Amino acid sequence: MTAPDLDSLLPRLHDLRAALARAVVGQNTVVEQLLIGLLASGHCLLEGAPGLGKTLLVRSLGQALELQFRRVQFTPDLMPSDILGTELLEEDHGTGHRHFRFQQGPIFTNLLLADELNRTPPKTQAALLEAMQERTVSYAGTTHALPAPFFVLATQNPIEQAGTYPLPEAQLDRFLLHVLVDYPSEDEERQILEQTTGGATDTVPKVMDAEAVIALQAAVRQVHVSPDVLAWITRLVRASRPGEGAPAAINQWVKWGAGPRAGQSLVLAAKARALLQGRFAATREDVQVLAAPVMRHRLLLSFAAEAEQKRADDVVAALLQAVPFPG
């Protein structure tokens, strides 16, 4: 991609954020992390209490992008075939021959909203694994390619709530970012009440098509990461694993640390944040800001951490303090 092409695409990222702001009040950090996931060709898991606008945010993103968008409401009785698709037996009325035809499920789309993912059993949760990693669906010995770009945005309720099934670690690792959606401020909540209880509602304009999204995703790969930043990310990820040489806090609070995919995700997310802000080099600040969203769902905490009421974000903060940026 040439510099003029990139210069023409970057303003559309500003238009995309402005389009989302017409439908979603506040949640600037959440919106930024969602766009980082899109630019980095990753998937995002949004967690928060019901009623905080998670579904609205994802639906608004689908409206702002000229991409095929589908929503699946995950329920306890949902089956894998309800997502992936199934084979149908059809008969040719002219010849009488019968044959099987694969009927694609809702996963064959560009932007998939997996709403309340942790309210469905593990068997159905696992149906997304191949699609999220390989961008393909295998059924009856045949591999079907998913359209490009393919982006899964999943929402989940806090696991403390009734009727939830914890996501397996293997599936959590497929998400680039674990985004926490918190309650709005008082002023934002007043704006929400005013905006959602009136007669007029703003429509979200379409500001970007699939070709532009793919071009920006390719541009993210070209963002520069210095050797010092790359070495620091490597040390951060390796230091998250308990064992000899690990920080004391990690040995005390972590049972299983982050794997190499966490380092890959942190590099790509830092590159995407840099491009989102109009920069062509990732910095130490990008890594610091994104360390928690990238690693909070990849750390399995120990019983000692639970007893001390430590969260994954507390562990990441201790990790950043124990492994500072060189110099």
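Select helix α2 first, in what is a predicted model, and colour its residues by burial: V30, V31, E32, Q33, L34, L35, I36, G37, L38 and L39 are buried, so that 10 of the 12 residues in α2 are covered in this sense. With the helix still selected, take the distance between its end C-alpha atoms, which is 17 Å and agrees with the 16 Å that 12 residues should span at 1.5 Å a residue. Just beyond, α2 is followed by S41, a residue whose phi is positive, near 60 degrees.

Next, keep α2 (residues 28–39) in view and add helix α12 (residues 260–276), whose axis comes within 9 Å of that of α2 and crosses it at roughly 110 degrees. Because angles of 65 to 115 degrees count as roughly perpendicular, α2 is described as roughly perpendicular to α12, and the crossing of the two is right-handed. To see what makes the contact, show the side chains of E32, L35, I36 and L39 on α2 together with A269, A272, R273 and L276 on α12; by class, this contact has six nonpolar, no polar and two charged residues.

Finally, move to A246, which you will find in the loop between α10 (227–239) and α11 (248–253). Its relative accessibility is 16%, and A246 therefore counts as buried, the cut-off being under 20%. Leaving aside residues up to four places away in sequence, A246 touches A239, R241 and N251. As a last selection, add L319, which is 73 residues from A246 in sequence but 9.6 Å from A246 in space, C-alpha to C-alpha.

Conventions
Residues numbered from 1 in each chain as written. Predicted model: local features only at pLDDT ≥ 70, side-chain atom pairs only at ≥ 80, totals over all residues. Heavy atoms only, no water. Axes fitted to C-alpha atoms, helices over the stretch in contact; angles between N-to-C directions. Helix = DSSP H or I, 4+ residues; strand = E, 2+ residues; numbered from the N terminus. Parallel < 35°, antiparallel > 145°, perpendicular 65-115°, else oblique. Left-handed = near helix turned anticlockwise from the far one by under 90°. Contact = heavy atoms within 4.5 Å. Nonpolar A, V, L, I, M, F, W, Y, C, P; charged D, E, K, R; others polar. Buried < 20%, exposed > 50% of the residue type's maximum accessible area, 1.4 Å probe, protein only. Expected span 1.5 Å × (residues − 1).
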